[in-house]
Amino acid sequence: MSIGRIIFFTGFALLVTFSRSLPAADAPSVELALTFKPIQQDIEIETPEKSEYGRCKVEVEQSKKSSGWIVYGSNGQVLRRFVDTNGDNVVDQWRYYNRGLEVYRDIDANFNNKVDASRWMNLAGTRWGLDKNEDGIIDEWKMISPEEVTRVAISALAKNNTKVFESLLITDDELSASGIKNPFADKIRESTKAASAKIPELLSNSKMLSSDTVWVRFDGAMPGLIPADDVKTDKDLQVFENVMAIVDTKGKSGLVQFGELIRVGDAWRLTQAPLPIEGESIQVTEGGTLMQPVAGASTLPTNSTVGLSKEMQGLLDELQKLDQNGPSPEQGPQAVARYNADRVAIIEKLIAASKNEDERSQWTRQMVDGLAAAVQTVGYKDGLVQLKRIRDEVQKSSQDQDLVAYVTYRTLLADYSTQLQSTQSDKLRDVQTWWLTQLEDFIKKYPNSDDSAEAMLQLAVTQEFSGKVAESKKWYTKLVESHASSEAGTRGAGALRRMNLAGQELELSGKGLAGGGIDAKQYRGKVLLVIFWSSWCKPCTEDLPQIQDLYNKYHSQGFDVLGINLDATPELAEAYIKQHKVAWAHIHEEGGLESAPARDFGVISLPTMFLVDKSGKVVNRSATVADVKKALPDLLK
């Protein structure tokens, strides 16, 4: 049967009808399939040279809930997928890949043959934009990180695209939903309404910003939590107080201040117009509205005169040039060492040239982050010496305890990583003992720091792996009690839930990988094995044949399996399931290891398996294959 039709719609979307039994011979040509591009323009996708087209191929793919075409590159890597998800024989998702990972997806969510949503993922970030009037321009962001907010904003400024910039501003509805009280809400509302109007003047007066300006890097210390109270907000809010972006215009770097960002759901929002720091005298708003002390009339931000000195500009240019030419691991340890030493020297000059404590803190954190990453990822041993020197200086001279804790903890992590890499296996127990002691000392010294939550999680996880259940529960409990709203606290709460599952009814539900929803309650009356797994988990693959044997042997007697897949994308799971011929259903939620099921049960290793009896109660919350083999006959009686 041949293809029914191929339609080009308003110049940007591919619509295809095809039969469920469409043979591969009727698939479109590679050349045609690769003519389609993402609607949004800032995505790096893999597209072969025309000379390679002969070694590429297009195949029809079908599943219970979807069908479409998949385009393979010359090396067998996935390049594109065009998918019909609702069974109407028209493509409604266009998926684009880079290095074998899906990085971008255009979506026709209302099935009217027009793209109305776009998503960035994996190597391309986290954005999820909605195009409500289907004109190819994002109107609203369902998900966007603070880093990506500044990136999109800089791109909008460079293109003088006010509409895109306005999509990043917090709306009146979002202000109301966030619970921000007056006069703070009114001040933010006033600022956002004025922001768009300032853009033309900003561009005409700026010597830094032009159509050639590109975003280079996000610069911000860390977000803060504005707790719910009777003064500012009815709900806890996550806020960045003073965000900046480093930009490049024809080889010259600069800083653009974005000020305050507020998290609303999964999206971060701007509250004011960005301002480039340039020239000898420019008005720049310090901080934001929310993260100010409440003390009479001085609660709102003030203005001060700030200039970017020639020295600071020169150092920024020098750092930008150095980062652009950073070494790859293949260039060897000497190149890595030289790069990091030069980078530290430049940032130390930036710290010395900074005008206030906030700037000094931001540059110190960036310097420490770079060194710690180099130590842990490429074994840069001299970096640990530099970190310890910086830690000692900060501990001695800084009054900022958050900064002291930040530097101390990253030095500790780098030290632990170095010891693990250089210690013989028979001495690793000593390293582990040292590590636990250091974590406890850190928590005692800096109990209120954000890193204290992570230290408690590390302690709890390490103790759990060591089989010290009571000690592990103690630290998980302390974590939840002292840092409940942190990411680590959420993990800790999930871990406690998992560790206390025995004898409890299993409450677990999520999106089915094949579509629809799945709830563990659907399996009542059966013995159920719940498996948290991923396609990259080697032990999961090693266990799979035995679990499949048990499934084939006992399925007719009332035994079933439910997989909880923690891959980054559903495509990875689907390919694995097809390859290994896995018969049972699976839940897959966005986020992989950070997805809701993983957080809800504090999953720290794969596979993690729960064995559930016919009444829905958990009989083993850390089952092995051997445990399942032994328990099944009795549970099925």
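These legends go with close-up views of a predicted model.

**View 1. Eight strands side by side in an open, antiparallel sheet.** Read across the sheet and the order is simply 3-4-5-6-7-8-9-10. Strand 3 (57-62) and strand 10 (140-143) sit at the edges, each pairing on one side only. On average, neighbouring strands here are turned by 20 degrees against each other, direction ignored. Helix 16 packs on this sheet and touches strand 5 (78-84), strand 6 (93-98) and strand 7. The direction of helix 16 makes about 115 degrees with that of strand 7.

**View 2. Strands 8 and 9, plus an unusual backbone angle at Asn113.** Strand 8 and strand 9 (residues 128-130) run antiparallel and are joined by 3 bridges. Look for Arg119, which stands opposite Trp128 in strand 9. Then follow the chain back to the loop between strand 7 (101-107) and strand 8 (117-120), where Asn113 is found. Asn113 isn't a glycine, yet its phi is positive, about 70 degrees.

**View 3. Two cis peptide bonds, each leading into a proline.** One of them runs from Asn182 to Pro183, with omega near 10 degrees. Pro183 lies in the loop between helix 4 (172-178) and helix 5 (184-205). The other joins Leu606 and Pro607, and its omega is about -5 degrees. For Pro607, the place to look is the loop between helix 17 (596-600) and strand 24.

**View 4. Helix 9 against helix 10.** Helix 9 (residues 381-397) and helix 10 (residues 401-422) have axes that come within 9 Å and cross at roughly 155 degrees. That angle makes the two helices, 9 and 10, roughly antiparallel. Helix 9 passes helix 10 in a left-handed crossing. On the helix 9 side, the contact residues are Leu384, Leu387, Lys388, Ile390, Arg391, Val394 and Gln395. Helix 10 answers with a set including Leu403, Val404, Val407, Arg410, Ala414 and Asp415. Sorted by class, the contact of helix 9 with helix 10 has 8 nonpolar, 4 polar and 4 charged residues.

**View 5. Helix 12 against helix 13.** Here helix 12 (residues 450-465) and helix 13 (residues 469-482) pack at an angle of about 160 degrees, and their axes are 7 Å apart. So helix 12 is roughly antiparallel to helix 13. This crossing, of helix 12 past helix 13, is left-handed. Helix 12 brings Ala453, Met456, Leu457, Leu459, Ala460, Val461, Gln463 and Glu464 to the contact. Among the helix 13 residues they meet are Trp475, Tyr476, Lys478 and Leu479. The contact of helix 12 with helix 13 comes out as 9 nonpolar, 3 polar and 3 charged residues.

**View 6. Helix 13 again, now with helix 14.** The axes of helix 13 and helix 14 (residues 487-499) come within 8 Å and cross at roughly 140 degrees. That makes helix 13 oblique to helix 14, because an angle has to be over 145 to count as roughly antiparallel. The crossing of helix 13 and helix 14 is left-handed. From helix 13, Val469, Ser472, Lys473, Tyr476, Thr477, Leu479 and Val480 take part. Helix 14 offers residues including Ala488, Gly489, Gly492, Ala493, Leu496 and Met499. In the contact of helix 13 with helix 14, 9 residues are nonpolar, 4 polar and 2 charged.

**View 7. An open sheet of 5 strands with mixed pairing.** The strand order is 23-22-21-24-25. The edges belong to strand 23 and strand 25 (618-620), each of which pairs on one side only. From one strand to the next, the twist averages 30 degrees. Helix 15 (residues 538-554) packs on the sheet, touching strand 21, strand 22 and strand 24 (608-612). The directions of helix 15 and strand 22 make about 150 degrees.

**View 8. Around strand 22, with its parallel partners on show.** Strand 21 (residues 527-533) runs parallel to strand 22, and 7 bridges join them. Trp533 stands opposite Asn565 in strand 22. Strand 22 (residues 559-565) is also joined by 4 bridges to strand 23 (residues 585-588), again running parallel. Within that pairing, Gly563 has His586 of strand 23 as its bridge partner. Add helix 16 (residues 570-580) to the picture, and strand 22, helix 16 and strand 23 make a right-handed β-α-β unit. This is the helix 16 from View 1, where it packs on the sheet and touches strands 5, 6 and 7.

Key
Residues are numbered from 1 along each chain as its sequence is written. This is a predicted model: local features need pLDDT of at least 70, side-chain atom pairs count only at pLDDT 80 or more; totals for chains, interfaces and linings use all residues. Side-chain values use heavy atoms; hydrogens and water are left out. Axes are lines fitted to C-alpha atoms, for helices over the stretch in contact, and angles run from 0 to 180 degrees between N-to-C directions. Angles under 35 degrees count as roughly parallel, over 145 as roughly antiparallel, 65 to 115 as roughly perpendicular and the rest as oblique. A crossing is left-handed if the near helix is turned anticlockwise from the far one by less than a right angle, and right-handed if clockwise. Contact means heavy atoms within 4.5 Å. Ala, Val, Leu, Ile, Met, Phe, Trp, Tyr, Cys and Pro count as nonpolar, Asp, Glu, Lys and Arg as charged, and the others, Gly among them, as polar. Two strands pair if DSSP finds at least two bridges between them. A crossover is right-handed if, with the strands pointing away from the viewer, the path from the first strand over the helix to the second runs clockwise.
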